[in-house]
Amino acid sequence: MIEHWGLRGELRRLPGERDENYLVDGRHVLKISRDSRALLEAQTRVLDRLASTGLTQEVVATLRGERLVECEDGRLARVLTYLPGQPFADVPTASLRSVGAALARIDAALDGYDEPAFRRDFYWDLERAPTVVTEPRMLAVYAAEVAPRLDGLRRGLIHGDANEHNLLVGPDERVTGVLDFGDMVWSRVVYDPAIAAAYAMRMAGDPLDVVIEVIAAYHERFPLSEDELAVVYPLACLRLCHSAAVAAIQQARDPSNAYLGVSQEWIRRVLPVALAVDPAAARERLHAACGKADTLHRRRVLIAPSLSLSYADPLKIVRGEGAYLFDEAGRRYLDCVNNVAHVGHGNPRVLAALAEQAAVLNTNTRYLHDTLVDYAQALVERLPEPLCVCLFMCSGSEANDLALRIARTVTGRREVIVLEGAYHGNTQAGIDVSPYKYRGRGGAGRPDWVREAPMPDPYRGRFRGPDSGPAYAREVERLVASPAAFICEPLMSCAGQIEPPPGFLPSAFAAVRTVGGLCIADEVQVGFGRVGDAFWGFETQGVVPDIVTLGKPIGNGHPMAAVITTREIADAFANGMEYMSTFGGNPVSCAVGLAVLRELDERALQENARIVGAHLLAGLRAIESPFVGDARGRGLFVGVELMRDGAPAPDVADRVVNRLRSEGVLISADGPDGNVIKIKPPLVFSRENADELVERLRAALE
Ligand code: PMP
């Protein structure tokens, strides 16, 4: 003792499950462990880290002197400072909130920290409980409540054993110390507070009330997600069942070790009461106690149910910056899907332009204003001849609606040709020309004035391979009778990130024009440099449309949209009926639009899309996974089609999307079969962002 730690004194044996523990001189604890050196060294680093974050002495013990000393029998010894206080088990009036608070401080300090040694198969890992627990009611609750949410539960390094003997209570009845880091494991973060709450149930009272007090205090310091809160009560019950099951196994092996049965008597008493609580009621009360359900609940009451929420565990995003979004707990998410924030979330230049103009004037297009013509000029300069006349509105849907109306007015016809799987907007006309909607759930089917051409998908469509463009164009030609218009996205988004094979649009446009129809390019998703090689999607096919519709990225989140057409068509549309949009083309929107274009130019974001997009696609194509059927795209418009045994795998896509969300990366899945991972991040996306996405996707697919 003197040689290694400078200590002298009589040793007094303390209780312990696996370690031999001795009190030395009243102020230190000698621990002799059977655990491997790797595990103990990792534990040492964790304690040092906790000490470095200011938890020293307040919550956890610190190591003294030599870290690890090998005993004659090969076991490893170390000395920790002795934390004063009474075991939680002996203080019936101890503060339950202080249990949650103390553990949250530890878990917050460990957030983002990893020790490979703790990525282990460990019998006390709650993840393993369902394989040893036999209690039928518990297993039923687990299957209904926990299993479906498992993928959404964050992983992390946890203490893993905040039981009633590992918590020390001070004179003020608050938890002052947490002992025993020997059960640390890389598992689900929520297991830690669930385990603490489980053992706190010993302290009488209603089990659910006890759990709520512990968890609410934990959540205050280290917020839990909606899913984590939903499962924490069943998990607390699961820990009691787990403890009972492990104790039964161990006692059968070693009947003489009294410590093993230390919790069993009260668990037998409390468990039936705990399991009698309705899981849905527990979930609701936990959500309410943690202020989590408030927004969701109010949304359900106040907002129409046809609006959907992303993810099994909805996100509450409160802030954005560049390619990142932040939730209310300050957690950062890499945004790989919100193409609207084209020049980055919270872009300062766009914000300044908006604020400056809004402070001076916002009116409508019935007055002269330079921003309107400046902006129209800036747009027209980026478009090929003869596209030179603009109309403004507030959404992509309105833009397509107007484009269809223009085509019908100008041609005097009604019929419209669309592509299978396409989406063009939420107005009545938008839905009418969107197979994605009218064939989808709740859809009324194809209107008689709409013709549908096959989706030009060279990977899984009717014709395959890079030379299939003309074959798809012939299908459009076959449908041509006397159309007002052919509307299409030059690269299809909702349809599953599909780039038509070369030659498709030139032949299709020619066929439509031969019979007097107009060609509308919906650039709402793909315009403004996203595809990297070109500023507009239609340029990748070498065509010039008659009408172009713009939206989404045009205002970086400010609601604006545009239709741009030829002088001839614009004049023919001016048949006496005024086109008026109260908000379209207002000075604030035009100032925003100009700022977006300047930002694109000055930061060379189209070039960034080209370079980072190519790097991203190469990374995606290098993923070796039987699930990756096809990785495709241009610039920062990319798709990964997931397949299993030659069939679409929407279940895999769904799991991947939710798993990446739990790891802080946002993507989505789309396409007629829901099996295409959509990637269309803000154009400020960096190489490092691309590498992170590829790495997470690779890991998830494993
Ligand atoms: N066109 C395309 C191709 C779209 O993807 C969308 C929106 N997803 C729209 C039009 C409609 O745009 P908004 O929702 O802004 O009205």
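**Ligand shell, sheets and local backbone in a predicted model**

Me: In which loop is K552 found?
Reply: This model is predicted, and the loop is placed by its flanking strands. One flanking strand is β19, residues 547–550, and the other is β20, residues 561–566. K552 is therefore found in the loop between β19 and β20.

Me: Which sign does phi of K552 have, positive or negative?
Reply: Most residues other than glycine have a negative phi. K552 is a residue other than glycine, and its phi is near 30°. The sign is positive.

Me: Which atom of the ligand is 3.1 Å from the side chain of K552?
Reply: K552 is one of the residues that surround the ligand. An N or O atom in the K552 side chain takes part in this pair. The distance of 3.1 Å lies within the 3.5 Å limit for a polar contact. On the ligand side, the partner is a nitrogen atom.

Me: Which residue has a polar side-chain atom 2.6 Å from an oxygen atom of the ligand?
Reply: Among the residues around the ligand are G396 and Q525. For G396, a polar backbone atom is 3.2 Å from an oxygen atom of the ligand. The pair at 2.6 Å involves a side chain instead, and the residue is Q525.

Me: How much of the ligand's accessible area does the protein cover?
Reply: On its own, the ligand has 390 Å² of accessible area. With the protein present, the covered share of that area is 85%.

Me: Which helix gives the most residues to the shell around the ligand?
Reply: The shell includes S395, G396, S397 and N400. The helix in question spans residues 396–411 and gives three residues to the shell. That helix is α14.

Me: How many residues of the shell are charged?
Reply: Two residues of the shell are nonpolar and seven are polar. Among the residues around the ligand are E489, D522 and K552. The number of charged residues is three.

Me: Why is one side of β6 and of β9 left without a neighbour in the sheet?
Reply: The open sheet has three strands in the order β6-β8-β9, with antiparallel pairing. β6 (86–87) and β9 (175–178) each have a single partner strand, so one side of each is left without a neighbour. The reason is their position, at the edges.

Me: Which residue in β8 stands opposite P87?
Reply: β6 and β8 pair in the antiparallel sense over two bridges. Strand β8 covers residues 167–169. The residue opposite P87 is L168.

Me: Which are the edge strands of the sheet with five strands?
Reply: This open sheet has the order β1-β2-β3-β5-β4, and its pairing is antiparallel. An edge strand here pairs on one side only. The edge strands are β1 (11–14) and β4 (63–70).

Me: Which residue in β2 stands opposite R12?
Reply: β1 pairs with β2, residues 20–24, in the antiparallel sense. Four bridges join these two strands. Opposite R12 stands L23.

Me: Which residue in the turn between β21 and β22 has a positive phi?
Reply: β21 (residues 628–634) and β22 (residues 637–644) pair in the antiparallel sense over six bridges. In this pairing, A631 stands opposite V640. The two strands form a hairpin with two residues between them. The residue with a positive phi, about 55°, is G635.

Me: Which kind of peptide bond joins E385 and P386, cis or trans?
Reply: P386 is found in the loop between α13 (370–381) and β14 (387–393). Most peptide bonds are trans. Omega of the bond between E385 and P386 is about 0°, and the bond is cis.

Definitions and conventions. Residues are numbered from 1 along each chain as its sequence is written. This is a predicted model: local features need pLDDT of at least 70, side-chain atom pairs count only at pLDDT 80 or more; totals for chains, interfaces and linings use all residues. Side-chain values use heavy atoms; hydrogens and water are left out. A residue is near a molecule or strand if one of its heavy atoms lies within 4 Å of it. A polar contact is a pair of N or O atoms within 3.5 Å; within protein, one must be able to donate a hydrogen and the other to accept it, and residues adjacent in sequence count only if both atoms are side-chain atoms. Accessible areas come from the Shrake-Rupley method with a 1.4 Å probe; for residues, only the protein chains shown count as cover. Ala, Val, Leu, Ile, Met, Phe, Trp, Tyr, Cys and Pro count as nonpolar, Asp, Glu, Lys and Arg as charged, and the others, Gly among them, as polar. Two strands pair if DSSP finds at least two bridges between them.
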